[in-house]
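Biologist: I'm new to this one and would like to know what backs up the words people use for it. Could you show it to me, and then I'll start asking?

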Amino acid sequence: MRVRAEIRSFSHRGEGAGIVVGASSDLSGITVFVPGTVPGDLVEVQILEKKRNYARGKLLGVVREGPGRTREVCPVAGRCGGCAWQHLRYDVQLLWKQTILKESLHRIGKSPECEVKATVPSPKVLGYRNKVEVPLQVQRGKVVAGFYEPYSHRVVPSDECPLEHPLARELVSALFVQVRKRAYSIYDEKTGKGLVRHLVARIAPGTGERMGMLVATTARLPGALELAREVMESVHGVKSMILNVNREMTNVILGNQWKLLAGRWYIEDVMSVGSAGSVRFRIGPGSFYQVNTEQAQNLYEIALDACEISPTDVVYDVYSGIGTMTLFAAKKARFCVGVEEVETSVMEAKVNARLNRINNVAFVAGKAERMLPSVIARFGRPGVVLLDPPRAGLAEDVVPVIVRSRPRAIVYVSCNPSTLSRDVARFKEFGYEAEWAIPVDMFPMTPHVESVVKLKRKG
Ligand SMILES: C[S@@+](CC[C@H](N)C(=O)[O-])C[C@H]1O[C@@H](n2cnc3c(N)ncnc32)[C@H](O)[C@@H]1O
């Protein structure tokens, strides 16, 4: 069925959310979600799915353009599921991220008193991604690399993406040439057969070092050592070539077996964060590292300033990864403790502390929800707690444990406004109120909202 709709806002997935208009339509007045549209658009829509209270549709044409609409820079925009907001002007993206965070904190977070500041723009709106992960597929007998279509596992063939750092793309292209040259069989997710699944490149913008990864279903990929040597010789700055083994029939890209093919297990980067100065980091293949390094430095500066660390403070950095925020915080605090579940990341964090001669830190491996009580018993009451969990937010047990340790402030860094707001509401029940929040745009051209929230103990 074809209808006309007026787009008024965005869904949390970044699709335009509108109302079907026109008295002649049976669907008149119903909410419809249409990817590729912007608020203010009047659009023709093909209805794909009809539920009781809403519908989903496909954009057929724009009758009247909304004020934020702009031209996409990528030839596969709209077909690729990577960046849903290329058609939205950057200044308008920033305003919407502020709106999404505000609505979420007010409605789910039950914190209308929280001041939501303007979004901090990213220093780069294109070419910012330091990590590129490319799925491989066979289409009509030909091996293609690209990106998945929205909500699908069909690959849209593409040999570049405007969001990627060019150094990362150059390395992925070199890996793809090697895969074709060696005629490896390509993994088929329906049958589970085939050898190579994904190509991954990671770069350290501060040093120019690069890491290349092949994700395969076997640890004995024929010719892999020679492949790695050739790539290291031909692509400048490649310091690490790794094979990741993933035999699981899942959507998860990386498996949990690793093999060093050439070079070393890590790349090194340098980050600078305001008055805390510079820190050198070793980043291993399985560790989290913010994908927009330049903006991550701004994010960390905002989070650390929000902590208002004094030289007598003990600071906990919960979900600490390779110790990025922990080590910057340690430069201002008496002592810092990082808690992180991935053991190799904890090992890298400890190495990073030694590398930077930072001695007033400890790192504890394990799930936060399990480790926090013993961490508090061992290291004492924190003055401030920094939280930076994954998208799922905090496990239920984490909030009461932190509250019982009575930090004067909690600074929550989040990449998901919904789980952030759920946790803010929980903290409020225990007497911690969100004073202010600030979106920091880590992911231009996408609807993803990263933010920092400052919570303070009341009374
Ligand atoms: C968003 S990252 C933040 C890492 C670090 N703060 C940074 O900026 O680089 C979240 C981290 O939490 C870790 N993690 C996930 N679930 C966890 C849990 N239940 N307990 C402790 N750490 C966890 C992940 O391995 C990841 O390193």
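Modeller: Let's start at the ligand, keeping in mind that this is a predicted model. Of the 20 residues around the ligand, F288, Y319, G321, E341 and D388 come nearest.

Biologist: What makes a residue count as one of those around the ligand?

Modeller: Its C-beta atom, placed from the backbone, has to lie within 6 Å of the ligand. The shell has 10 nonpolar, 5 polar and 5 charged residues. As for where they sit, α5 (324–330), β17 (335–340) and α7 (368–379) each supply at least two of the shell residues.

Biologist: Why is the protein called as compact as a globular protein of its length?

Modeller: First the parts: there are 9 helices and 22 strands. The radius of gyration is 23 Å, and the globule rule gives 23 Å for 459 residues, so the protein is as compact as a globular protein of that length. Its C-alpha trace spans about 70 × 60 × 35 Å along the principal axes. Buried residues make up 48% of the 459.

Biologist: Which domains does the assignment give?

Modeller: Domain 1 is 2–69, domain 2 is 95–123 + 292–457, and domain 3 is 131–268. The centres of domain 1 and domain 3 are 38 Å apart.

Biologist: Why is A84 called buried?

Modeller: The cut-off is 20 or more other C-beta atoms within 10 Å. A84 has 23, so A84 is buried. A84 is found in the loop between β5 (54–64) and α1 (90–107). Setting aside residues up to four places away in sequence, A84 touches G14, P35, T446 and P447.

Biologist: And what makes L105 buried?

Modeller: Its count is 25 other C-beta atoms within 10 Å, and 20 is enough, so L105 is buried too. L105 is found in helix α1. Beyond its neighbours within four places in sequence, its contacts include S111, C114, S421 and A437. L105 and S418 are 313 residues apart along the chain, yet their C-alpha atoms are separated by 8.1 Å.

Biologist: How do you know that the buried residues of α3 line one face of the helix?

Modeller: In α3 (residues 224–234), A224, L227, A228, V231 and M232 are buried. Looking down the axis of α3, those buried residues fall within an arc of 130 degrees, so they line one face of the helix. They pack against α2 (166–181), β11 (209–216), β12 (238–245) and β13 (257–263). The face turned away from the buried side carries the exposed residues E233 and S234.

Biologist: What is the phi of K110, and what of A183?

Modeller: K110 has a positive phi of about 50 degrees although it is not a glycine. A183 also has a positive phi of about 50 degrees, and it isn't a glycine either. For background, most residues other than glycine have a negative phi.

Biologist: Why is K110 called partly exposed, while A183 is called exposed?

Modeller: Exposed takes 12 or fewer other C-beta atoms within 10 Å, buried takes 20 or more, and partly exposed is in between. K110 has 17, so K110 is partly exposed. A183 has 8, so A183 is exposed. K110 is found in the loop between α1 and β6 (115–116), and A183 in the loop between α2 and β10 (196–204).

Key. Residues numbered from 1 in each chain as written. Predicted model: local features only at pLDDT ≥ 70, side-chain atom pairs only at ≥ 80, totals over all residues. Domains from an automatic or database assignment. Helix = DSSP H or I, 4+ residues; strand = E, 2+ residues; numbered from the N terminus. Arc of directions from axis to C-beta. Contact = placed C-beta atoms within 7 Å. Rg over C-alpha atoms; globule rule 2.2 N^0.38 Å. Nonpolar A, V, L, I, M, F, W, Y, C, P; charged D, E, K, R; others polar.
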